[in-house]
Amino acid sequence: MFVDVHAHLDDKAFDGDREQVLENIRAAGMLVVTAGSDVETSRFSVELARKYDFVYACVGVHPHEAGKAPKDYLEELKELAKDPKVLAIGEIGLDYYYEFSERRIQQKVFLEQLELAESLNLPVIIHDREAHQDTLDIIKKSGISRGLMHCYSGSVELAQEYIKLGFYFSLGGAITFKNAKKPKESAARLPLERILLETDCPYLTPEPFRGRRNDPTN
């Protein structure tokens, strides 16, 4: 059985045919974990998981949305995380490439969610784009020791630090791109038992399907 450990089935790209996409996933005999990006999409992801037995959810505030997080967002996430089909707090982390939210706000919201996950005994799903050292430092500060480095783009040496902390890695469709030097190197050198499968759909469509919307059956 294939498990897509990181998807965004809440995305507007699926609004026109979401039920058909879900039926295709069911027909393929897959399980899929759909991740929230803010309180609203986290709530939507939990609703999908309740409706479909092969769908599970993560709840969290993405770094892009950190600056817009409501004051009570932690209480909202904590309530959603009570659902037995919520597997982790995510997608959370830091993004210094786009910086849609100020770095200090990203860091604050990231640490708060790591601490929430620790208090709930849940793993975390981490987004780290061009923020490798700060991401590692904040994770270490939080004391969290279980999680997934989603769409991992760091070095093999950095990966060893995460392995010591009990983390896993997913690489996604980017590993099929011609210029994907680091992901290919990581895939070749990481322990196989630490690598999980993800699509990050509807993004990062793998070759030979680039240019089309991605979905878990890829």
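In this predicted model, tyrosine 162 touches His132, Thr135, Leu136, Ile139, Met149, Tyr152, Phe167 and Phe169, when residues up to four places away in sequence are left out of the count. Tyr162 also belongs to the largest nonpolar core, which has 53 residues, and is listed there with Leu9, Ile89, Leu114, Val124 and Ile126 as the residues with the most contacts inside that core. Helix 4, spanning residues 103–120, supplies the largest share of this core, namely 6 residues. Another core lies apart from it and has 7 residues, among them Val33, Cys58, Ala88 and Ile125.

Tyr162 sits in helix 6 (residues 156–164), where the buried residues are Val156, Leu158, Ala159, Tyr162 and Ile163. These residues are on the same side of helix 6, because they cover an arc of only 150° around its axis. The general background is that an α-helix has 3.6 residues a turn, so residues three or four places apart point the same way. The face of helix 6 that is turned away from the buried side carries Glu157 and Lys164, both of which are exposed. The cover over the buried residues of helix 6 includes helix 5 (132–142), strand 6 (147–149), strand 7 (167–170) and helix 7 (181–189). After helix 6 comes glycine 166, which has a positive phi, near 90°.

Helix 3 (residues 73–80) can be described in a similar manner. Its buried residues include Tyr73, Leu77 and Leu80, and since the buried residues of helix 3 fall within an arc of 60° when seen down the axis, they line one face of the helix. The elements against which they pack are helix 2 (39–51), strand 3 (55–59), strand 4 and helix 4.

Helix 4 takes part in two helix pairs, which are set out below.

| Pair | Axis approach and crossing angle | Contact residues by class |
|---|---|---|
| Helix 3 and helix 4 | within 11 Å, roughly 35° | 6 nonpolar, 1 polar, 2 charged |
| Helix 4 and helix 5 | within 9 Å, roughly 40° | 5 nonpolar, 3 polar, 3 charged |

Helix 3 passes helix 4 in a right-handed crossing, and the contact is made by Tyr73, Leu74, Leu77 and Lys78 on the side of helix 3, together with Val109, Glu112, Gln113, Leu116 and Leu120 from helix 4. The crossing of helix 4 with helix 5 is right-handed, and here helix 4 contributes Gln107, Phe110, Leu111, Leu114 and Glu118, while helix 5 contributes Asp134, Thr135, Ile138, Ile139, Lys141 and Ser142. Two of these names recur from above: Leu114 is listed among the residues with the most contacts in the core of 53, and Ile139 is touched by Tyr162.

Isoleucine 92 is placed in strand 4 (residues 86–95), and it counts as buried because its relative accessible area is 0%, where the cut-off is under 20%. Leaving out residues up to four places away in sequence, isoleucine 92 touches Gly60, Val61, Pro63, Phe110, Gln113, Leu114, Val124, Ile125, Ile126 and His127. Phe110 and Leu114 in that list also take part in the contact of helix 4 with helix 5, whereas Gln113 is one of the helix 4 residues in contact with helix 3. Although isoleucine 92 and valine 124 are 32 residues apart along the chain, their C-alpha atoms are separated by 7.6 Å.

Methods. Residues are numbered from 1 along each chain as its sequence is written. This is a predicted model: local features need pLDDT of at least 70, side-chain atom pairs count only at pLDDT 80 or more; totals for chains, interfaces and linings use all residues. Side-chain values use heavy atoms; hydrogens and water are left out. A nonpolar core is a set of buried Ala, Val, Leu, Ile, Met, Phe, Trp, Tyr and Cys residues joined through side-chain atoms within 4.5 Å. Buried means under 20% relative accessible area, exposed over 50%, partly exposed in between (1.4 Å probe, protein chains only). Contact means heavy atoms within 4.5 Å. The arc is that of the directions from the helix axis to the C-beta atoms. Axes are lines fitted to C-alpha atoms, for helices over the stretch in contact, and angles run from 0 to 180 degrees between N-to-C directions. A crossing is left-handed if the near helix is turned anticlockwise from the far one by less than a right angle, and right-handed if clockwise. Ala, Val, Leu, Ile, Met, Phe, Trp, Tyr, Cys and Pro count as nonpolar, Asp, Glu, Lys and Arg as charged, and the others, Gly among them, as polar.
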